[in-house]
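Hi everyone, thanks for coming. Could you bring up the structure on your screens, so we can walk through it together?

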Amino acid sequence: MERRLDPPVTGRGAQSGDVPTRFGLATREADGDWRDHMEILDGKPPKLRTHVTEERPRSILSFNQSPDIPFDRSINAYRGCEHGCVYCFARPTHAYHDLSPGLDFETQLFAKPDAAKLLRETLARPTYRPRPIAMGTNTDPYQPIERDYGVTRELLEVCLDARHPVTITTKSDRILADLDLLEEMAELRLVAVAISVTSLDPKLSGKLEPRAASPAKRLAALGKLTESGVPTHCSVSPVIPAITDEFMEEIITRAAALGVRSAGWIPLRLPHEVAPLFREWLSVHYPQRGDKVMGIVRSIRGGRDNDPGFHTRMKPGGVWADLFRARFRLACKRAGIGEGEETPKFELDCMRFRKPEVGGQMRLL
C-alpha cells in the first residue's frame, strides 16, 4: 500500500473529502503543480472548521426490520459526527445530502432542535406502542455540539416523563452531564448505556477517533455509570485487525475492574465509501501495515472489503474471526464478564409507559 504524498490532515479522521460515491457526487482533484501555485498566491488553506446547520424534520423516530440488530426504532439527534472516527459505518449517509462521507461528515453537521417536541408528539399518538429506543446508532448523541444544543438531554427528559425505555451508545464521557437523569431512569429500569472503547493508546485514538474522548475518559465514565447504578456495557468495537485487536484483553480486564459485567465486540465494517476512506487513512498512518490489515479484513468478509448481507454482516467468518472470537471469550471468562458480539441485552421495562402531555392536555390516569 503506497503512502500518500500530501501531508496528513490533523485533528480529523478522514484524510480527504473526495471519495467515490454511489450518487455521482461531484469531485475534483488538483495536481501538485496547481496546488503549489495556489499556495503561493493565497497561502495555505484555512484550517477546517465545524459548521452546524439546524434541521427541522417532520418526524424523529426511525424504524427498521433488520434481523442483525436488537432494536426496531432509533433516534438521531444529529447528522454527521464531529468525533471523526475514520471507520464509522454511518459516513455514507452524508452522500444523501450531496456532502462527502469524508471530511464533510465530520465538519458539516446537522442538529435537530425540535427533536424532543417531535418525540413527545409521537409517543402521544393513540397507536404508538413502546419498545426501547436506541440512541447513538448513526451519530454519537454526546458529540461535542451536544454541549451547546442539549438535544440529547431534552430527549431523555421526554423519555423519563413518559417512562419510555432507552439504550444509549457513545464514545464520550460527556454522558456524565446527564447522570441525574440516567440515575432516575435506571431506578425505573428505563435505560442501559454502552460505551465503545476501541484501544488503550491515546495517540492511536487521536488518529482513529480524533475528537472523541480519550480511552481513559471512556473507561472512567463506564466506572462512574456503574457506580451510580446505571446498567453499562463495554463495547470493544470496532476490532481492527493488526491495529486495535492487541488491546482486546486489557480493555475487558480494566472494564471488569470497574464493575462492568457486560461486554461485546464488533469487527470492523467498511460499507460503501468507508472502504476507500479507511484505505487512505492506512496509507497515511500505517503504510507498511496496510496490506496486512486489509488482507485480514477480506479474509473475515468472504474475500471482500465488506459483507453487506443480512445475518452475516455482523458476524465475521474464517480463521482470523475464530481467533478473535476465542480470545474475546477467554478474556471475558477470566474477567467474569458476560460476553457477546452484539449490543447488550438488558431487560428494560416497557410496562411503565404513559403517554406524555401534548399541547397543555392533562395526562389521563
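I'll start with the core, then go through a helix pair, the cysteines and a few backbone details. Please keep in mind that this is a predicted model.

Let's begin inside. The largest nonpolar core has 85 residues. Which of them touch the most other members? Those are Leu119, Leu155, Leu156, Ile168, Cys234, Val236 and Phe278. Helix H5, residues 151–162, supplies the largest share of this core, with seven residues. As general background, nonpolar side chains in soluble globular proteins tend to be buried together.

Let's zoom in on Leu156, one of those well-connected core members. What does Leu156 contact, once we leave aside its neighbours within four places in sequence? The list is Met135, Tyr142, Val166, Ile168, Asp178, Leu181, Leu182 and Met185. Ile168 is a nice one to click on, as it also appears among the core residues that touch the most other members.

Staying in helix H5, have a look at Thr152. Is Thr152 buried or exposed? Its relative accessible area is 1%, so Thr152 counts as buried. Again skipping neighbours within four places in sequence, Thr152 is in contact with Ala77, Tyr78, Met135, Pro141, Tyr142 and Glu146. Take Ala77 from that list: Ala77 and Thr152 are 75 residues apart in sequence, yet their C-alpha atoms are 6.3 Å apart in space. Met135 and Tyr142 may sound familiar, since Leu156 contacts them too.

For contrast, here is a residue on the outside. Gly359 sits in the segment after strand S11, which covers 338–340. With a relative accessible area of 87%, Gly359 is exposed. The C-alpha atom of Gly359 is 9.1 Å from that of Glu121, and these two residues are 238 apart along the chain.

Now to the helix pair. How do H10 and H11 run relative to each other? H10 is residues 274–285 and H11 is residues 290–300; their axes come within 9 Å and cross at roughly 150°. An angle over 145 degrees counts as roughly antiparallel, and H10 and H11 are therefore roughly antiparallel to each other. On the H10 side, the contact is made by Phe278, Arg279 and Leu282, and on the H11 side by Gly290, Val293, Met294 and Arg298. By type, the residues of this contact are four nonpolar, one polar and two charged. Phe278 we have already met, among the core residues with the most partners.

A word on cysteines, for anyone thinking about the thiols. How many disulfides does the structure hold? Zero. Why is Cys332 unpaired? Its closest cysteine sulfur belongs to Cys234 and is 8.9 Å away, which is too far for a bond. Cys332 is buried, with a relative accessible area of 1%. Cys159 is buried as well, with a relative accessible area of 1%.

Last, some backbone details. The peptide bond from Ser237 to Pro238 is cis, with omega near -5°, and Pro238 lies in strand S9, residues 232–239. Asp98 has a positive phi of about 60° although it is not a glycine. You'll find Asp98 in the loop between strand S4 and helix H2, where Asp98 counts as exposed at 58% relative accessibility. Arg189 also has a positive phi of about 60° without being a glycine. Arg189 is in the loop between helix H6 and strand S8, and at 42% relative accessible area Arg189 is partly exposed.

That's my tour, and I'm happy to take questions.

Notes:
Residues numbered from 1 in each chain as written. Predicted model: local features only at pLDDT ≥ 70, side-chain atom pairs only at ≥ 80, totals over all residues. Heavy atoms only, no water. Core = buried A, V, L, I, M, F, W, Y, C linked by side-chain atoms within 4.5 Å. Buried < 20%, exposed > 50% of the residue type's maximum accessible area, 1.4 Å probe, protein only. Helix = DSSP H or I, 4+ residues; strand = E, 2+ residues; numbered from the N terminus. Contact = heavy atoms within 4.5 Å. Disulfide = S-S within 2.5 Å. Axes fitted to C-alpha atoms, helices over the stretch in contact; angles between N-to-C directions. Parallel < 35°, antiparallel > 145°, perpendicular 65-115°, else oblique. Nonpolar A, V, L, I, M, F, W, Y, C, P; charged D, E, K, R; others polar.
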